[in-house]
Amino acid sequence: MAISLFDLFKVGIGPSSSHTVGPMVAANQFAHQLETLHLMSKVARLKIDLYGSLGATGKGHGTGKAVLIGLEGELPDLVDPNMINDRVAEIESTSLIRLLAKQAVVIDVQADLIYHRIDRLDFHANGMVLEAFDADGSSLHKATFYSVGGGFIVQENDKGDVELVEDSTVLPFEFHSAESLITLCREQELSIAQIMLENEKVWRSEEAIREGILGIWKTMKECVKNGMTHEGILPGGLKVKRRAASLYRDLSSKTRMDMITPSLGALDWVNLYALAVNEENAAGGRVVTAPTNGAAGIIPAVLHYYWEFCPRSSKDGIIEFFLTASAIGMLFKENASISGAEVGCQGEVGSACAMAAAGLAAATGGTPEQVENAAEIGMEHNLGLTCDPIGGLVQVPCIERNAMGAMKAINSAAMAIRGDGTHYVSLDKVIRTMRDTGRDMNDKYKETSRGGLAVNVIEC
């Protein structure tokens with residue numbers, strides 16, 4: 001299966017790649033299927049069933065809103081986040097939705113958008129079924145989708161099998177493990193970033209790749225800037241106060257010697273960068289999946305650390321960072337999972353931490369072996385991390401967890417760079433361990449809000 005850097009790093013909206021971005025794309029596809037089948041004019045009613053984690057925490061993650069907006073033809077990378085709440089409120093008050101902004105159809109959001117908090121579908125924890133009916137109540141079209149993490153979706157076919165439509169593009173340097181990737185680097189005398197660049201050139205020119213990466217970096221910077229500007233209370237009912245703006249003002253008024261620990265003053269800024277992104281995500285703002293929305297703050301925070309605090313930072317280093325991080329992200333997606341609903345937060349924050357550690361190690365001159373070591377350290381110390389969002393919202397503990405993940409990534413890269421690349425546990429073994437740990441993890445700790453902090457804080 002061929003995966004591009006631009007599949008892992010997608011521009012979208014918060015608060016969740018699996019619960020917001022994926023469902024919006026799925027609903028958009030369903031609406032287009034109705035149009036392709038020439039059924040739109042016959043549709044009189046719609047019904048949406050959300051299962052598993054989508055049903056358990058979908059309200060807090062904005063899944064219902066995403067589906068409604070997707071049915072109207074919007075997509076995560078193009079939709080204006082500021083219009084969503086008003087448009088959804090209008091749909092709810094009028095009980096009318098405009099399929100692809102063309103065909104008005106009746107929908108009773110309270111009755112026809114159903115959150116199944118306990119039931120789940122077999123293939124994946126993030127399952128959703130969309131169905132259209134005619135005026136007589138007969139089913140016109142029904143489709144089952146799964147949002148498998150990072151904004152990726154798959155669809156079930158008429159036989160009940162999941163169609164994994166893989167990109168069969170032949171890559172010049174194919175790899176399916178960290179070991180095979182390092183072997184390629186040695187044989188070809190290329191860095192991980194150079195290997196990835198050659199693969200990416202199958203789809204795009206080198207100029208387009210560079211422009212695309214720098215475009216993603218620009219969106220990340222804008223997200224951080226927005227997060228450092230916006231104030232107030234995050235939506236959802238927990239009354240979590242946004243902290244990034246006041247922290248930015250405080251840090252801007254100090255010299256590095258005024259920091260709590262002067263020699264570690266940069267880490268105060270890293271905390272700020274991560275908090276800013278994830279507060280924007282929690283508020284439904286524009287973010288980049290990296291590789292998910294729940295972990296969207298880690299890579300931007302570490303990139304800002306590289307850009308602001310590493311003395312030889314450059315745009316070429318940013319390119320190298322992204323190319324290297326994407327190679328590591330592909331290994332996690334192919335050999336384990338990046339979905340919190342499937343393997344817990346170790347699959348989101350853990351994989352993002354490993355990707356950021358690898359990217360920073362590469363951008364600061366690390367060898368392929370040191371890069372692999374950095375990624376391994378980053379993941380190893382996130383093993384077993386549960387996903388237990390309080391109230392089903394991507395706020396507590398998610399926002400602070402991104403700051404902690406960014407710190408771990410920087411330290412992982414620092415430790416790896418100080419070594420020679422040899423280490424006891426390989427990245428492949430850590431990825432395998434993460435996958436197995438996720439399989440063994442009780443479902444209540446996998447983005448269902450039925451265990452951990454989600455239960456104990458409410459009980460208290």
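The second largest pocket of this predicted model has a volume of about 850 Å³. Its lining is made up of 40 residues, and those that lie nearest the centre of the pocket are Gly-62, Lys-65, Ile-84, Asn-85 and Pro-235. Sorted by class, the lining of this pocket comprises 16 nonpolar, 17 polar and seven charged residues. Several elements take part: α2 (17–36), α3 (53–61), α4 (63–71), α5 (84–94), α6 (109–112), β5 (113–115) and α11 (265–282) each supply at least two residues of the lining, and the element that gives the most is α4, with five residues.

Helix α8, which spans residues 192–200, is mostly covered, seven of its nine residues being buried. The buried residues are Ile-192, Ala-193, Ile-195, Met-196, Leu-197, Asn-199 and Glu-200, a set that includes Asn-199 and Glu-200 alongside residues such as Ile-195 and Leu-197. Among the elements that cover these buried residues of α8 are α1 (5–8), α7 (178–188), α9 (206–227), α13 (315–335) and α16 (368–380).

Ser-412 belongs to another helix, α17, which runs over residues 398–417. With a relative accessible area of 3%, Ser-412 falls under the 20% cut-off and is therefore buried. Once its neighbours within four places in sequence are left aside, the residues in contact with Ser-412 are Ala-357, Ala-374, Ile-377 and Gly-378. Gly-378 also takes part through its backbone, for its backbone nitrogen lies 3.4 Å from a polar atom of the Ser-412 side chain.

The cysteines raise a separate point. A disulfide is a covalent bond between the sulfur atoms of two cysteines, and the structure holds zero disulfides. Why does Cys-310 form no such bond with Cys-353? The closest cysteine sulfur to that of Cys-310 is in Cys-353, and because the two sulfurs are 16 Å apart, whereas a disulfide needs them within 2.5 Å, they are too far for a bond. Cys-310 itself counts as buried, at 14% relative accessibility, and Cys-185 is likewise buried, with a relative accessible area of 4%.

The accessibility values given for individual residues are set out below.

| Residue | Relative accessible area | State |
|---|---|---|
| Ser-412 | 3% | buried |
| Cys-185 | 4% | buried |
| Cys-310 | 14% | buried |

Methods. Residues are numbered from 1 along each chain as its sequence is written. This is a predicted model: local features need pLDDT of at least 70, side-chain atom pairs count only at pLDDT 80 or more; totals for chains, interfaces and linings use all residues. Side-chain values use heavy atoms; hydrogens and water are left out. On a 1 Å grid over the protein atoms alone, a cavity is a set of points where a 1.4 Å probe fits but cannot get out, and a pocket is an open set with protein on both sides within 12 Å along at least five of seven lines; lining residues have an atom within 4 Å of a point. Grid points are joined across faces, edges and corners, and a volume is the space filled by probe spheres set on the points. Helices (H or I, at least four residues) and strands (E, at least two) are DSSP runs, numbered from the N terminus. Ala, Val, Leu, Ile, Met, Phe, Trp, Tyr, Cys and Pro count as nonpolar, Asp, Glu, Lys and Arg as charged, and the others, Gly among them, as polar. Buried means under 20% relative accessible area, exposed over 50%, partly exposed in between (1.4 Å probe, protein chains only). A polar contact is a pair of N or O atoms within 3.5 Å; within protein, one must be able to donate a hydrogen and the other to accept it, and residues adjacent in sequence count only if both atoms are side-chain atoms. Contact means heavy atoms within 4.5 Å.
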